[in-house]
Structure formats: structure tokens, C-alpha cells
Amino acid sequence: MSEKIKGIPYGISDYEKICAKNKYFVDKIRFIHLLEEHEYVFFIRPRRFGKSLWLSVLECYYDINLKDRFDFYFKNTQIWQSPTPEKHSYFILRLDFSAVNPDINKVEESFERYCSAMFEHFLRVYNQAFDEKIFKKVENCPSTVEKLTAIFVYAQEHNLKIYMLIDEYDNFANTILSTTGKEAYHKLTHGEGFFRHFFGKLKSVTAMRGSGLERLFITGVSPVTMDDVTSGFNI
């Protein structure tokens with residue numbers, strides 16, 4: 001019997017679902033070898049370019065919890081024959097800022113709530129590596145930046161390697177710029193704006209020896225917001 005024809009993964013950005021449902025996939029995973037030459041990557045491309053799917057691929061390849069599923073994800077790809085030494089060796093902390101409410105009156109609260117929920121999810125997923133004290137400490141931290149700091153300090157002290165994936169980093173910022181105007185956008189990304197403070201924290205962590213943030217991959221459609229919130233990353 002001939003192999004079943006693969007379906008087109010229309011609108012699917014989940015690599016695991018593509019594998020499970022036998023969907024068509026153009027193998028770009030060979031570029032992981034090149035990607036590992038850089039620790040901190042900022043990747044800007046137009047919408048519908050496949051950025052979210054690529055982050056999903058990276059998550060499946062590097063997640064330490066998925067080491068027993070390597071064959072399921074990658075058996076029919078080039079990297080299955082020549083995997084890198086870093087496969088399935090990271091704790092994946094993934095954020096998608098398209099989930100943040102862009103309403104200028106709600107954006108900061110929405111950002112804080114979303115990040116808090118994702119940090120708690122991260123700790124639960126890797127509960128074998130994080131003890132109860134860090135759960136409570138992160139829960140009691142009043143802000144996203146303080147929660148993030150607590151996680152990275154713990155990772156540094158316990159020699160844990162975190163791979164942070166940030167999808168659509170500029171999504172709500174671009175919406176605010178186009179719908180509310182430059183003044184609201186400027187407040188968000190300059191001075192003491194919470195979004196600038198968040199990326200300022202990431203910049204400081206990348207400069208720390210053994211910070212726990214081993215790798216960082218950020219996607220978006222424009223370099224403008226990144227240029228406004230930090231000078232710490234090459235654009």
C-alpha cells in the first residue's frame with residue numbers, strides 16, 4: 001500500500017500537530033546547526049512567514065522533557081541523522097505577545113497577567129527541577145520583571161539552562177502605535193515604560209555569567225520596537 005498523501009497544514013503553527021496528523025512540512029530543521037552558532041537571535045520577517053511554526057520546531061527539538069520523543073518529531077528530517085549535542089537539553093520558556101490585550105488602558109495589566117501565567121506554567125512543566133520555595137517566591141513577586149529575575153537567579157544557582165522563545169514581540173506595541181498614536185507608544189517603550197523595563201531585564205541577564213538564560217530567540221515583524229526598548233541586541 002502506498003504511503004498516505006500528506007495534508008496541507010493550513011493555519012497550523014504547532015509542529016507536534018503537524019507530525020501527529022501527517023501534514024506536509026518543508027524541512028528547514030537543518031538550519032539548527034547554523035542557529036547554534038549564536039546564543040541570542042532576533043528574527044524579523046513578514047506575517048505568515050512561518051515564524052511561530054519555527055519556534056514550535058525549536059521547542060520540540062530542545063525541550064529537555066521531550067528527549068524520549070526525538071524519533072517521533074524528527075525521524076524523517078535531515079537532523080535525525082546528525083543531531084547537535086544540544087538537542088533536548090534546555091528548559092523552554094515560551095511567550096507569545098499576541099496574547100496580550102493591546103487596549104492602551106489594559107495592556108500593562110494584561111501583560112503582567114499573561115507573563116505571570118506563563119511563568120507559573122513553566123515552573124509546573126519542569127517541577128522536577130524547581131522546588132516549592134521558588135514556586136512561592138515567584139508567586140509572591142509583584143511584577144513580571146521580578147518574577148523573571150527570581151527564575152533566572154534560581155537557574156543560575158542550580159546550573160539550569162533556559163532557552164527563552166518570544167513570539168510576536170512587537171504585536172501589541174505595533175497595534176498601539178497604529179491605533180492610539182505615537183504618544184501612547186512612546187510611553188510604552190521609552191523611559192520607565194513597563195515594556196522597556198522588561199527588555200532591559202533581558203539585556204542585563206544576557207550579560208551575566210551563568211545567568212541561566214542560555215539562549216534567546218525573538219520573532220517579530222519590525223525592528224522599530226526593539227530599537228526603542230533596548231540597545232542590547234543586534235538588529
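**Exercise 1. Helices over the sheet**

Determine which strands helix α5 lies across, and at what angle α5 runs to β2.

Solution. Take helix α5, residues 107–125, in this predicted model. Helix α5 lies across β2 and β3. Its angle to β2 is about 160 degrees. Now turn to helix α3, residues 51–62. Helix α3 lies across β1, β2, β3 and β4. Against β3 (162–167), α3 runs at about 165 degrees.

**Exercise 2. The sheet itself**

Give the strand order of the open sheet and name its edge strands.

Solution. Start with the order. The sheet is open, has four strands and reads β1-β4-β3-β2. The pairing is parallel. Next, find the edges. Strands β1 (40–44) and β2 (91–96) each pair on one side only, and they are the edge strands. Then check the turn between neighbours. On average, neighbouring strands are turned by 10 degrees against each other, direction ignored. Finally, look at one pairing in detail. β1 pairs with β4 (residues 213–220) in the parallel sense, over five bridges. One residue pair to locate is Y40 with its bridge partner L216 in β4.

**Exercise 3. α5 against α7**

Classify the packing of α5 and α7 from the angle, then list the residues in contact.

Solution. Two packed helices are described by the angle between their axes and the distance between the axes. For α5 and α7 the angle is about 20 degrees, and the axes are 9 Å apart. Angles under 35 degrees count as roughly parallel. The two helices, α5 and α7, are therefore roughly parallel to each other. Their crossing is left-handed. On the α5 side, the contact is made by F111, E112, C115, S116, F119 and F122. On the α7 side, it is made by T144, K147, L148 and I151. By class, the contact of α5 with α7 has six nonpolar, two polar and two charged residues.

**Exercise 4. α7 against α10**

Find the angle, axis distance and handedness for α7 and α10, then the contact residues.

Solution. Helix α7 spans residues 144–157 and helix α10 spans residues 194–206. They pack at about 20 degrees, with axes 9 Å apart. This angle makes α7 roughly parallel to α10. The crossing of α7 with α10 is right-handed. From α7 come T144, V145, L148, T149 and F152. They meet H197, F198, K201, L202 and V205 of α10. The residues of this contact divide into six nonpolar, three polar and one charged.

**Exercise 5. α6 against α7**

Is α6 roughly parallel or roughly antiparallel to α7?

Solution. Read the geometry. The axes of helix α6 (residues 132–140) and α7 come within 8 Å and cross at roughly 160 degrees. Angles over 145 degrees count as roughly antiparallel. That makes α6 roughly antiparallel to α7. The crossing is right-handed. In α6, I134, K137, V138 and E139 take part. They meet K147, A150, I151 and Y154 in α7. By class, the contact of α6 with α7 has five nonpolar, no polar and three charged residues.

**Exercise 6. An aromatic pair**

Describe the pair formed by Y61 and F74.

Solution. A total of 33 aromatic pairs is found in the structure. For Y61 and F74, the centres lie 5.5 Å apart. The planes stand at 85 degrees. Planes over 60 degrees apart count as edge-to-face. Y61 and F74 are such an edge-to-face pair. Last, place the rings on the chain. Y61 sits in helix α3, and F74 in helix α4 (residues 70–74). The two residues are 13 residues apart, and the pair links distant parts of the chain.

Terms used: Residues numbered from 1 in each chain as written. Predicted model: local features only at pLDDT ≥ 70, side-chain atom pairs only at ≥ 80, totals over all residues. Heavy atoms only, no water. Axes fitted to C-alpha atoms, helices over the stretch in contact; angles between N-to-C directions. Parallel < 35°, antiparallel > 145°, perpendicular 65-115°, else oblique. Left-handed = near helix turned anticlockwise from the far one by under 90°. Contact = heavy atoms within 4.5 Å. Nonpolar A, V, L, I, M, F, W, Y, C, P; charged D, E, K, R; others polar. Pairing = 2+ DSSP bridges. Phe/Tyr/Trp six-rings, centres within 6.5 Å; stacked < 30°, edge-to-face > 60°.
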